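Take a look at the structure below. Keep the sequence at hand while you read.

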Amino acid sequence: MIKKFLQKVFNKRAKADAAINNAELSDTSAAKVISAKHHKIDKSLISQSALKTCDGLQKAGFEAFIVGGAVRDLLMNVKPKDFDIATNATPEEVYKVFRRSRIIGRRFRLVHVLWGNETIEVSTFRGHHLAEGDALTNDSGRIIRDNIFGSLEEDAVRRDFTANALYYNPANEQVLDFHNGVADLKNNLLRMIGDPTIRYQEDPVRMLRAVRLSAKLGLKIEKSTQAPIQKLADLLQDVPPSRLFDEMLKLFLSGHAVESINALREQHLHHGLLPLLDVVLEQPLGEKFVMLALKNTDDRIRIGKSSNPSFLFATLLWHEMLVAWKKYQAQDNHPIPALHMAMNEVIDIQAGKMAIHNRFTATMKEIWAMQPRFEQRAGRRPYALLTHPRYRAGYDFLLLRCESGEIDPEIGDWWTEFADASTERRTEMLLPDTSPKKRRRKRKKPANSDKTLLESVASEHID
Ligand code: ATP
Ligand code: MG
């Protein structure tokens with residue numbers, strides 16, 4: 001039995017070795033090879049799915065490495081949150097190796113290999129963007145085409161930081177280091193590969209990545225990598241709003257949002273990103289509220305809890321919402337319609353710079369629209385609010401408003417007690433109903449009313 005098993009294992013091995021030997025191996029002479037004895041990567045931190053993906057590709061005769069942020073995190077003994085694989089197989093070849101995989105992306109095609117509910121992203125080595133010779137950058141030097149396959153060495157050059165250009169081969173446990181990334185990491189340095197000015201011009205998002213990664217990993221941005229940032233900050237205006245959103249979302253959910261925002265402000269990178277946030281951070285109450293919200297999010301993420309991006313963006317824009325709400329009320333609009341006008345205005349202005357995905361804006365509006373309802377503590381209204389599907393988010397938001405000094409903490413305390421109180425205690429807690437009952441007549445809803453249900457319910461409460 002054992003003999004049979006060993007035979008099977010050895011046969012498999014021999015087959016794999018033959019496959020590897022047949023493949024055209026990459027030229028690694030320009031790389032430092034760091035063995036397991038020196039890098040001491042703890043293999044138990046590597047996802048089984050990533051290992052199976054590398055193994056599958058290698059058995060099919062291709063090269064495959066774990067690459068990028070995952071290797072950097074492993075070297076720092078941090079469990080990576082996702083794994084990317086780089087290979088010399090084309091997307092079609094990768095797709096053929098794995099039954100459960102799909103090719104994604106239009107500009108540069110990648111393959112998602114699915115293992116249970118984990119997805120491993122596999123990309124073919126990418127070549128240098130100048131290889132084709134025609135104009136691949138726009139007037140400000142931003143790369144607009146970047147879709148050429150290349151060699152392993154070329155793939156390393158086009159990565160952003162030295163610490164992100166490391167290739168780990170699980171089969172022999174070696175790390176290939178083309179740009180001295182391991183030494184930089186040891187010295188706690190985040191260093192751009194190549195000429196930093198050109199690299200930021202090619203892709204201004206790299207400035208945000210420098211700030212985010214240095215905050216997340218406690219790395220210092222190396223001097224020449226740091227130097228051009230302030231001067232080039234305006235290039236971010238040129239980046240598509242949806243790309244900025246994705247990057248900012250990573251930053252806010254990194255568990256180091258407070259440090260990241262502070263660093264963005266120090267480097268003057270925050271202007272124009274969240275145009276309304278600029279204004280908010282300049283008012284003491286707004287700043288306190290945003291910083292409290294970010295700290296809360298960081299704390300949650302660091303203990304492994306999830307954080308809802310809608311909640312976070314609702315906090316970031318709240319004080320601007322308050323200003324707009326006041327403005328519309330001063331123009332003689334009823335409070336609830338004014339609230340809706342303000343919500344739409346704030347989200348529209350934001351969309352021009354860093355478009356918040358629609359799937360988040362709907363929840364943001366629900367959280368905001370709930371806030372005036374917390375002030376109504378008489379009659380049946382508090383009971384109705386407790387059954388709102390987003391009550392918990394609305395309540396957490398209310399507590400932040402109390403903690404930041406925007407409203408009387410007594411309201412937050414009241415809701416904390418009311419939510420868990422017995423039926424008798426709840427009745428005792430209700431405030432006297434002062435709404436003019438006589439004026440509460442039943443109105444027939446006009447057939448073509450464009451008010452939402454929430455608006456009509458809420459305006460009935462406020463009238
Ligand atoms: P994180 O820990 O947040 O995932 P990461 O460095 O892995 O950080 P990803 O966005 O997952 O970031 O990118 C994976 C890899 O792709 C990076 O490590 C880097 O090698 C490369 N990369 C990502 N964005 C860029 C960019 N703008 N320019 C050059 N290389 C990039
Ligand atoms: Mg990553």
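This report covers some paired strands, a pocket and two cysteines.

The model is predicted.

**Strands**

Start with strand β6, residues 118-124. Strand β3, residues 84-87, runs parallel to β6, and four bridges join the two. Strand β5, residues 110-115, also pairs with β6. Here the sense is antiparallel, over five bridges. β5 and β6 form a hairpin with two residues between them. Gly 116 sits in the turn and has a positive phi of about 55°.

The table gives one residue pair for each pairing.

| Strand pair | Residue | Partner in β6 |
|---|---|---|
| β3 and β6 | Ile 85 | Val 122 |
| β5 and β6 | Val 113 | Ile 120 |

**The second largest pocket**

How much space lies in the second largest pocket? The volume is about 420 Å³. The pocket is lined by 17 residues. Closest to its centre are Arg 300, Phe 311, Arg 392, Ala 393 and Asp 396. Three elements give two or more residues to this lining: α15 (284-302), α16 (309-330) and α20 (391-403). Helix α20 gives the largest share, six residues. By type, the lining of this pocket divides into six nonpolar, six polar and five charged residues.

**Cysteines**

Is Cys 54 buried or exposed? Its relative accessible area is 1%, and buried means under 20%, so Cys 54 is buried. Cys 402 has a value of 9%, so Cys 402 is buried by this cut-off too. The count of disulfides is zero.

Notes: Residues are numbered from 1 along each chain as its sequence is written. Chains are lettered from A and ligands numbered from 1 in the order in which they are written. This is a predicted model: local features need pLDDT of at least 70, side-chain atom pairs count only at pLDDT 80 or more; totals for chains, interfaces and linings use all residues. Side-chain values use heavy atoms; hydrogens and water are left out. On a 1 Å grid over the protein atoms alone, a cavity is a set of points where a 1.4 Å probe fits but cannot get out, and a pocket is an open set with protein on both sides within 12 Å along at least five of seven lines; lining residues have an atom within 4 Å of a point. Grid points are joined across faces, edges and corners, and a volume is the space filled by probe spheres set on the points. Ala, Val, Leu, Ile, Met, Phe, Trp, Tyr, Cys and Pro count as nonpolar, Asp, Glu, Lys and Arg as charged, and the others, Gly among them, as polar. A disulfide is a pair of cysteine sulfur atoms within 2.5 Å. Buried means under 20% relative accessible area, exposed over 50%, partly exposed in between (1.4 Å probe, protein chains only). Two strands pair if DSSP finds at least two bridges between them.
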